[in-house]
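Okay, thanks for coming, everyone. I've got one structure to walk through today, so let me put it up and we'll go from there.

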Amino acid sequence: MILDGRELEDGSVLDCEVCVIGAGAAGITVARRLMAEGRRVILVSGGGRERDPDMQALYAASMSGLGTWQPRRLRLRQHGGSTNHWSGFCLPLEPEDFAARAWIPNSGWPLEYADMLPYYRRAQLDVELAEMVYGPAEVAEATGDAPLDVEGGAIASVTYQFSPPSRFATVYDDELEASSSPTLLHAHVTQLVLNEGHERVVRAECAVLSGPRFTIEAGRFVLACGGIDNPRLLLASNAQIPEGIGNAHDLVGRFFMEHPHFYRGAVWVAPTDLDTRFYRLRRATLDHPDGEGRSISMQGALALSASVREREGLAGFAATVGGRDFDDVEVAPLPPDRTLTLLGHHEEVQLWALDCRVEQTPDPESRVTLAGGPDALGIPQADVSWQIRDRDMETLARGLELIGAELGARRLGRLWRSVDAEGRFDWQLEVGGHHMGTTRMAARREDGVVDADCKVFGTENLYVAGSSVFVTGGHANPTLTLVALAERLADHLLERPYEPPSEREEEP
């Protein structure tokens, strides 16, 4: 059932087995899986069905580091969360992304790609896709369009699938409405309260803007509020532990990562007879478990091969032909005549503007903290100190150099990129709205906030869902991976026995 939190009585005490805080892609995925198995769940949705400026104001935050974006603009305090403005890009992380890479400090997940593969397959269906077809050979077979023949070189061809995109609150509205477990709209958790020993959460204090205050008691709690508000709520729950919950080693909020973007940051100048369809948006019919094929939008991208990344000590990098509307893509900034002459063509060329994105490597000084002044609910606002290592920006410049050299050597074109008056790569930093890493996963509590099951170290019944648990982010958009992790977390919770309220330890 879907209820309006504004209609609760002030002082109400609600009870459930699992309280899921946050109703974006991660929270809805966990909640609906548990609901389907008959578990008693309360899903707390911090917004209504429509956008509300008063709700959106709760996401106001300061930026003390790189200030290239407004936190409230890139997140939606609305039922369904940021899936309501998601563009649908889907791509799994690569096997190498989960491994410890000697040239990337603080890398290495306590999971392997093989651990994630069955959950990626489920996540594909959650976002209304079909089978996992991402490898160049598989994509070529499915679409009939071949990637560049660059085997063994610097270039790797990868493929994005596009969700419709799925607006989770809309797609799963009937399912949530039909459940006997409530979804509470316009409800916000303001504080997590621990028991006397500080090893369990016993309740969540909740509020509605200009409305009632109430309490949710549960056997287990799942925090799914995004890469900024997950650490914000943990840090703000400091009435019993001054440093906040899960923060014994000062790691909550650290390692904030984004995907630095350079939109239309280069131009691929290609011969007219070169088949570039693999790298342009097209439809393909893929198998689906329901037995019927599904027509899926797909697009290839130019990435760096794993071997060259290791050899050069680079992070992840990928470049797509800019935009999803290709009517105007070829109207790109014309490169200098010298570049066209080098290509051997003067007018008969294809011009493809490239959107470039790089992996941001983990940096403990890039972090989310509490900024002081409370919001309308009384929660301290967040401050985002976004820091990017120089080496990550070097990956962008070097990645384009390597791809350009490979294209030229194989007579597949040239890359033109903008340079400043001194010949240095001239880039304009943009963001993707991908907030990752602030409650990172680790094998040991000294190295992270949650374990491999997404449980907060030192708190036996508190879990975190979403991209805040990412250790590294690769170059892939995070939604598919965070939904896969939510599926994995749901399995873990379902494996644990039901815990009746009467058997819980009460707060003193």
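Let's start with an arginine: Arg77 counts as buried, because its relative accessibility is 11%, under the 20% cut-off. Before I go further, keep in mind that this is a predicted model.

So what does the Arg77 side chain meet in a salt bridge? The partner is Asp229, at 3.4 Å from N to O. In sequence terms that's a long reach: Arg77 sits in the loop between strand 4 (61-63) and strand 5 (89-90), Asp229 belongs to helix 8 (residues 226-236), and 152 residues separate the two. Asp229 is buried as well, since its relative accessible area is 9% and the cut-off is 20%.

Next, Arg309 and Glu94. Their side chains form a salt bridge too, at 3.2 Å from N to O. Here the pair spans 215 residues, with Arg309 in helix 9 and Glu94 in the loop between strand 5 and helix 3. Both Arg309 and Glu94 are buried. Back to Arg77 and Asp229 for a second: they are part of one network of salt bridges with shared partners, and Arg75, Arg232 and Asp375 are in it as well.

One more pair, and this one is a bit of a contrast. Arg32 bridges to Glu175, with the closest N and O atoms 3.1 Å apart. Again, distant parts of the chain are linked: Arg32 is in helix 1 (residues 25-36), Glu175 is in helix 7 (residues 173-178), and they lie 143 residues apart. Are these two buried or partly exposed? Arg32 is buried at 14% relative accessible area, while Glu175, at 35% relative accessibility, counts as partly exposed. If you're wondering about the total, a search of the whole structure turns up 33 salt bridges.

Okay, pockets. The second largest one has a volume of about 380 Å³. There are 20 residues in its lining, and the closest to the centre are Glu94, Pro95, Tyr134, Gly135 and Val158. So yes, Glu94 is back: that's the residue whose side chain meets Arg309 in a salt bridge. Which elements supply at least two lining residues each? Helix 3 (95-98), strand 6 (155-162) and helix 9 (306-312) do, and strand 6 gives the largest share, with 4 residues. By residue type, the lining divides into 12 nonpolar, 5 polar and 3 charged.

Last stop, strand 15, residues 349-358. This strand is largely enclosed by the rest of the structure, because 10 of its 10 residues are buried. In a regular strand, side chains alternate between the two faces of the sheet. In strand 15, Val349, Leu351, Ala353, Asp355 and Arg357 point one way, Gln350, Trp352, Leu354, Cys356 and Val358 point the other way, and all of them are buried. Note that Asp355 and Arg357 are in that buried set too.

And which strands pair with strand 15? Strand 11 (residues 261-271) runs antiparallel to strand 15, with 8 bridges between them, and Val269 stands opposite Leu351. Strand 14 (residues 317-321) is also antiparallel to strand 15, joined by 5 bridges, and there Ala319 stands opposite Cys356.

That's my tour. Happy to rotate the model if anyone wants another look.

Technical notes: Residues are numbered from 1 along each chain as its sequence is written. This is a predicted model: local features need pLDDT of at least 70, side-chain atom pairs count only at pLDDT 80 or more; totals for chains, interfaces and linings use all residues. Side-chain values use heavy atoms; hydrogens and water are left out. Buried means under 20% relative accessible area, exposed over 50%, partly exposed in between (1.4 Å probe, protein chains only). Two strands pair if DSSP finds at least two bridges between them. On a 1 Å grid over the protein atoms alone, a cavity is a set of points where a 1.4 Å probe fits but cannot get out, and a pocket is an open set with protein on both sides within 12 Å along at least five of seven lines; lining residues have an atom within 4 Å of a point. Grid points are joined across faces, edges and corners, and a volume is the space filled by probe spheres set on the points. Ala, Val, Leu, Ile, Met, Phe, Trp, Tyr, Cys and Pro count as nonpolar, Asp, Glu, Lys and Arg as charged, and the others, Gly among them, as polar. A salt bridge is a side-chain nitrogen of Lys or Arg within 4 Å of a carboxyl oxygen of Asp or Glu.
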